[in-house]
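Please look over the sequence and the model below before reading on. The text starts with one strand and works outward from there.

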Amino acid sequence: MSGRVNVLDLAERQGVADLIEEIRLSSNSRPCNLLGFANSRTCVTKLCISSQKGGVGKTTVAVNLAYSLARRGWRVLLLDCDPQGSVGLSVTDKANSNRGFFDAMVGDSLEELMIKTRLPEFQILTAGDYERFLKTPIAVDPDARRAQVETLFSQINLMDFEIIVIDTPAGTHSVTSDLLSVADYVMIPEQAEPLAMRSLPQVLQRMAELSKKDPPIKVAGILATMVQRDDPTSLDVLRKMRQMLPGELMLDTTIPRDPMFLRASDYGVPLGLLQKNPTPLALIFEQLAAELEGRMNLDTSEDEDATPRLIRLMD
């Protein structure tokens, strides 16, 4: 007798099956959250990338997914709401001097903070000055902070964007909770390691809570990240995750662990701009973008311009 517990038996004891059913019941598609602006020109789809803990590749996914969606023809805003400012540091060495989201939270003009890239469909709003935000009363007033987040997204909803990809701080408290309240969808990266299996019931509990909100936040899926194809433990975790979760909650696309991510960050570009011809690793995010288009009910009837561009996104 090995003493190992079958993952499905464990799932039943921890109530995972019930949580999955709760999430499924609220998974019907719905209009995007217009935040009271019923006369908006467009319905902007807001996708939060959220995780219970750091170190799961959340920012890497946000940068490369946003770029791939823009490359497929969508008008995309990549919004960095993580105080660490990891998105900005991944695509420009001027991130520390740029104002951004947290400056808008204390009253700076959003339009002045947007950073245009050399891909016309793709703009970035970096995190900005978090310390400045912390010195204001709004930082410690949950109601005022939530209201300001809603105001900012109402303004963005009137701009010429179709998709907003939001990189949130790890955890589900404070600003992350406010951001989730205005999102249409949430995608949850989970590292393919044994700890992910142990924390999966907590992740599902949070997903069930989000699905009960009014309006509910639809789960775009759990994304397995840092998968190591040459590591039996990592592959076993991935297998068990797929065994436990139904297909509508688990994305087909997986993100491998690869040193090329660090190389792209060092050059300040998404993977798709690292070489003249996109690498197989970059094409994984094209696959992820296509999968999410279907899950988020995006209209893909228009032809996309998928011409690779070997340029930096910004100076």
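In this predicted model, strand β4 covers residues 122-125, and its side chains alternate in direction: Phe122 and Ile124 point one way, Gln123 and Leu125 the other. All four of these residues are buried.

Strand β4 has a partner on each of two sides. Strand β2 (residues 76-80) runs parallel to β4 and is joined to it by four bridges; within this pair, Leu78 is the bridge partner of Ile124. Strand β3 (residues 115-116) pairs with β4 in the antiparallel sense, over two bridges, and here Lys116 has Gln123 as its bridge partner. The connection from β3 to β4 is a hairpin of five residues.

Where do these strands sit in the open sheet? The sheet is made of eight strands in the order β3-β4-β2-β5-β1-β6-β7-β8, with mixed pairing. Its edge strands are β3 and β8 (250-256), each of which pairs on one side only.

Helices pack on this sheet. Helix α13 (residues 280-295) touches β1, β6, β7 and β8, and its direction makes about 165° with that of β8. Helix α3 (residues 58-71) lies across β1 (45-49), β2, β4, β5 (163-167), β6 (185-191), β7 (218-227) and β8. Relative to β5, helix α3 runs at about 165°.

Helix α8 can be checked for length. It holds 16 residues, 142-157, and at 1.5 Å a residue it should span 22 Å. The expected span is 1.5 Å times one less than the number of residues. The C-alpha atoms at the two ends of α8 are 22 Å apart, so the model agrees with the expected span.

The buried residues of α8 are Arg145, Gln148, Val149, Leu152, Phe153, Ser154, Ile156 and Asn157. Why does Gln148 count as buried? Its relative accessibility is 18%, and the cut-off for buried is under 20%, so Gln148 falls in that class. Leaving aside residues up to four places away in sequence, Gln148 touches Ala104, Met105, Gly107 and Ile138.

The remaining points concern the whole protein. Its secondary structure comes to 13 helices and eight strands. Of its 315 residues, 53% are buried. Among contacts between residues at least 6 apart in sequence, 79% join residues at least 24 apart. The accessible surface comes to about 14,300 Å², and carbon and sulfur atoms account for 49% of that area.

Definitions and conventions: Residues are numbered from 1 along each chain as its sequence is written. This is a predicted model: local features need pLDDT of at least 70, side-chain atom pairs count only at pLDDT 80 or more; totals for chains, interfaces and linings use all residues. Side-chain values use heavy atoms; hydrogens and water are left out. Buried means under 20% relative accessible area, exposed over 50%, partly exposed in between (1.4 Å probe, protein chains only). Two strands pair if DSSP finds at least two bridges between them. Contact means heavy atoms within 4.5 Å. Accessible areas come from the Shrake-Rupley method with a 1.4 Å probe; for residues, only the protein chains shown count as cover. Axes are lines fitted to C-alpha atoms, for helices over the stretch in contact, and angles run from 0 to 180 degrees between N-to-C directions.
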